[in-house]
Amino acid sequence: MEIEKKYLVSSLPDGLTQYKTWEIEQCYLCISPVLRIRKKNEDYILTYKNRTKKLADANKLCVADEIEVPLTKEAYEHLKKKADGKCICKTRYLIPYETYTIELDIFHGDYEGFYLAEVEFASVEESKDFTPPFWFGEDVSGDFHYSNSYLAQN
């Protein structure tokens, strides 16, 4: 199970070049439940994600059952042709913060200039105690408008 919070980013932190990055392209074959293909650097992944609404809505969190399996490059390219909407392209920065890793996404293409940060938690209780860094903006965890699957379709 994936438990995460999402935040808009009010300003980018200094020193981004020091952090590990992934170049990500992801496309959606279905959005309910989510069936996504992703290229992450040179890895190819098929993801099934089904949001756990009751738990998520009650806590304004992004909570989902998630299964990931590897794909070949050829399978990824084949499935990409069948994707609905547009593919989302972004650079993901992995930023250590306290005991967490912030995943800062800087979007490209149609969403150039849009920034979103995510933090994953081991439990709902742990997420409630989280204090974000100063550069985080609004908590948009419960707002589906900020899901990548929604962005790909709209």
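A surface patch here is built from residues with over 30% relative accessible area and no salt bridge, and nonpolar side chains are joined within 5 Å. Keep that in mind as you work through this predicted model.

**Exercise 1. Find which residues form a nonpolar patch on the surface, then place I67 in its element and decide whether it is buried or exposed.**

Step 1. The nonpolar surface patch consists of Y48, I67 and V69. Together these residues offer about 250 Å² of accessible area.

Step 2. Look up I67 along the chain: this residue belongs to strand β5, which covers residues 62-70.

Step 3. Exposed means over 50% relative accessible area. I67 has 52%, so this residue counts as exposed.

**Exercise 2. Work out the order of helices and strands, and compare the radius of gyration with the globule rule.**

Step 1. Count the elements: there are four helices and nine strands.

Step 2. Read them from the N terminus: β-β-β-β-α-β-α-β-β-β-α-β-α.

Step 3. The radius of gyration is 15 Å, close to the 15 Å given by the globule rule for 154 residues, so the protein is as compact as a globular protein of that length.

Step 4. For the dimensions, the C-alpha trace spans about 40 × 40 × 25 Å along its principal axes.

**Exercise 3. Describe burial, contacts and surface for the whole protein.**

Step 1. Among the 154 residues, 45% count as buried.

Step 2. Take the contacts with a separation of 6 or more: 61% of them involve residues 24 or more positions apart.

Step 3. Finish with the accessible surface, about 8400 Å², of which carbon and sulfur atoms hold 51%.

Definitions and conventions: Residues numbered from 1 in each chain as written. Predicted model: local features only at pLDDT ≥ 70, side-chain atom pairs only at ≥ 80, totals over all residues. Heavy atoms only, no water. Patch = residues over 30% accessible without salt bridge, like charges linked within 9 Å, V, L, I, M, F, W, Y side chains within 5 Å. Areas by Shrake-Rupley, 256 points an atom, 1.4 Å probe, with all protein chains shown as cover. Salt bridge = Lys/Arg side-chain N within 4 Å of Asp/Glu carboxyl O. Helix = DSSP H or I, 4+ residues; strand = E, 2+ residues; numbered from the N terminus. Buried < 20%, exposed > 50% of the residue type's maximum accessible area, 1.4 Å probe, protein only. Rg over C-alpha atoms; globule rule 2.2 N^0.38 Å. Contact = heavy atoms within 4.5 Å.
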